[in-house]
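Please open the structure in your viewer and keep the selection tool at hand. The tour below moves from one selection to the next and states what is to be found at each stop.

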Amino acid sequence: MSVKGRIHSFESCGTVDGPGIRFIVFMQGCLMRCQYCHNRDTWDLHDGREITVDEIMKDALSYRHFMKASGGGVTASGGEAMLQPEFVRDFFRAAQAEGIHTCLDTNGYIRKHTDVVDEVLDSTDLVMLDLKQLDDSIHQNLVGVPNKRVLDFARYLHQRGQKTWIRYVIVPGFTDDERSAHLLGEFIQGMDNIEKVELLPYHQLGEHKWEALGFEYQLADVKPPSKEVMEKVKSIIASYGHNVMY
């Protein structure tokens, strides 16, 4: 029997959520409350629509040529994909059986480490892990939850030797300062499973979703970071021995 999952949507030819051209499944539900979230409509755990692994694979396989020709594959994103680990596990297993690369895009907020978490990771070719902020007080202000579980998950990925890309959003006033960059660099220093660090400049493209849902977008007055700020943060993190890009 094909496992069911609850998804928000999927994108057939994504180019920014992993290598190559990717079929991206945006899972429904998230426990973080990022002030800058551009997918505010994915938070509700009970919204979206149900779909089986067989059904999503039928859609994904229709783009197999584009994925394979570009070195791409499938990505489970969100919302937060690891809130539905059984579905992601079976989706990834089915994709790998077809020779398709799998990528898990996650915030790492794993509530309980169970066997299914390892089963997902065993079927994952690449993890893209969002590290929001290493200072826990700022982290809680910015995304609404402590960062301990996220950092524990990052350490576990290193322990497993799991191929990982780190994503770090540069939000002026929250994550763009030198101290925060040093904290991130120090934390991931020596983690040889990390292939690169992607710096993502904050943007306001999701503001309209907040307004449409009747919520106030608290960062309306925050402007995207300058190139000088991006270069400064890049230089600091790179000094700890990692490939950094934006």
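## First stop: helix α6

Select Lys 148 and Asp 152: because these two residues stand four places apart in helix α6, about one helical turn separates them. In general, an α-helix has 3.6 residues a turn, so residues three or four places apart point the same way. The side chains of Lys 148 and Asp 152 form a salt bridge, with 2.7 Å from N to O. Lys 148 counts as exposed, at 58% relative accessibility, whereas Asp 152 counts as partly exposed, at 32%. Please bear in mind throughout that this is a predicted model.

## From α6 to α4

Next, select Asp 118 and Arg 160. Their side chains meet in a salt bridge of 3.3 Å, N to O. Asp 118 belongs to helix α4 (residues 115–122) and Arg 160 to helix α6, so this pair ties together parts of the chain that lie 42 residues apart in sequence. Arg 160 is partly exposed, with a relative accessible area of 29%. Asp 118, by contrast, is listed with the buried residues of α4, together with Val 116, Val 117, Val 120 and Leu 121.

Against which elements do the buried residues of α4 pack? Display α3, β5, β6 (126–130) and α6 to see these partners.

## A buried glutamine

Now select Gln 162, which is placed in the loop between α6 (148–160) and β7 (164–170). Is Gln 162 buried or exposed? Its relative accessibility is 7%, and the cut-off for buried is under 20%, so Gln 162 counts as buried.

Show the surroundings of Gln 162. Leaving aside residues up to four places away in sequence, Gln 162 touches Leu 121, Thr 124, Val 127, Leu 157 and Asn 193. Of these contacts, Thr 124 deserves a separate view: its backbone oxygen lies 3.1 Å from a polar atom of the Gln 162 side chain.

## Helix α1 and its two faces

Move to helix α1 (residues 53–61) and select Val 53, Ile 56, Met 57 and Ala 60, which are buried. Why do they lie on the same side of α1? These residues cover an arc of only 100° around the axis, and therefore share one side of the helix.

Then turn the view to the face of α1 directed away from its buried side, where the exposed residues Asp 54 and Lys 58 are found. To see what covers the buried residues, display the surrounding elements, which include β1 (4–14), β2 (22–27), β3 (49–52), α2 (64–70), β4 (73–77) and α3 (85–97).

## Strand β4 and its neighbours

From that group, select β4. How many of its five residues are buried? Five of the five are buried, and the strand is mostly covered.

Add β2 to the selection: β2 and β4 run parallel and are joined by five bridges. One position to label is Val 25, whose bridge partner in β4 is Ala 76. Add β5 (101–106) as well, since β4 and β5 also make a parallel pair, over four bridges. Here Ala 76 has Leu 104 as its bridge partner in β5.

Continue to the loop between β4 and α3, where Gly 79 is placed. The peptide bond from Gly 78 to Gly 79 is cis, with omega near 15°.

## Further salt bridges

How many salt bridges does a search of the whole structure find? The search finds 17. Select Arg 64 and Glu 98, whose side chains meet in one of 3.0 Å, N to O. This pair links distant parts of the chain, 34 residues apart: Arg 64 is in helix α2, and Glu 98 is in the loop between α3 and β5. Arg 64 is partly exposed, with a relative accessible area of 28%, and Glu 98 counts as partly exposed at 32%.

Finally, select Asp 17, Asp 105, Arg 167, Lys 196 and Glu 198 together, as a network of salt bridges links these residues.

## Last view: the annotated region

To close the tour, select residues 16–239, which an unreviewed UniProt entry lists as "domain: Radical SAM core". Over this range the chain is 39% helix and 18% strand. The C-alpha atoms at its two ends are 25 Å apart.

Notes. Residues are numbered from 1 along each chain as its sequence is written. This is a predicted model: local features need pLDDT of at least 70, side-chain atom pairs count only at pLDDT 80 or more; totals for chains, interfaces and linings use all residues. Side-chain values use heavy atoms; hydrogens and water are left out. Buried means under 20% relative accessible area, exposed over 50%, partly exposed in between (1.4 Å probe, protein chains only). A polar contact is a pair of N or O atoms within 3.5 Å; within protein, one must be able to donate a hydrogen and the other to accept it, and residues adjacent in sequence count only if both atoms are side-chain atoms. Contact means heavy atoms within 4.5 Å. The arc is that of the directions from the helix axis to the C-beta atoms. UniProt positions are given in the numbering used here, feature names are shortened, and annotations may be inferred rather than shown by experiment. A salt bridge is a side-chain nitrogen of Lys or Arg within 4 Å of a carboxyl oxygen of Asp or Glu. Two strands pair if DSSP finds at least two bridges between them.
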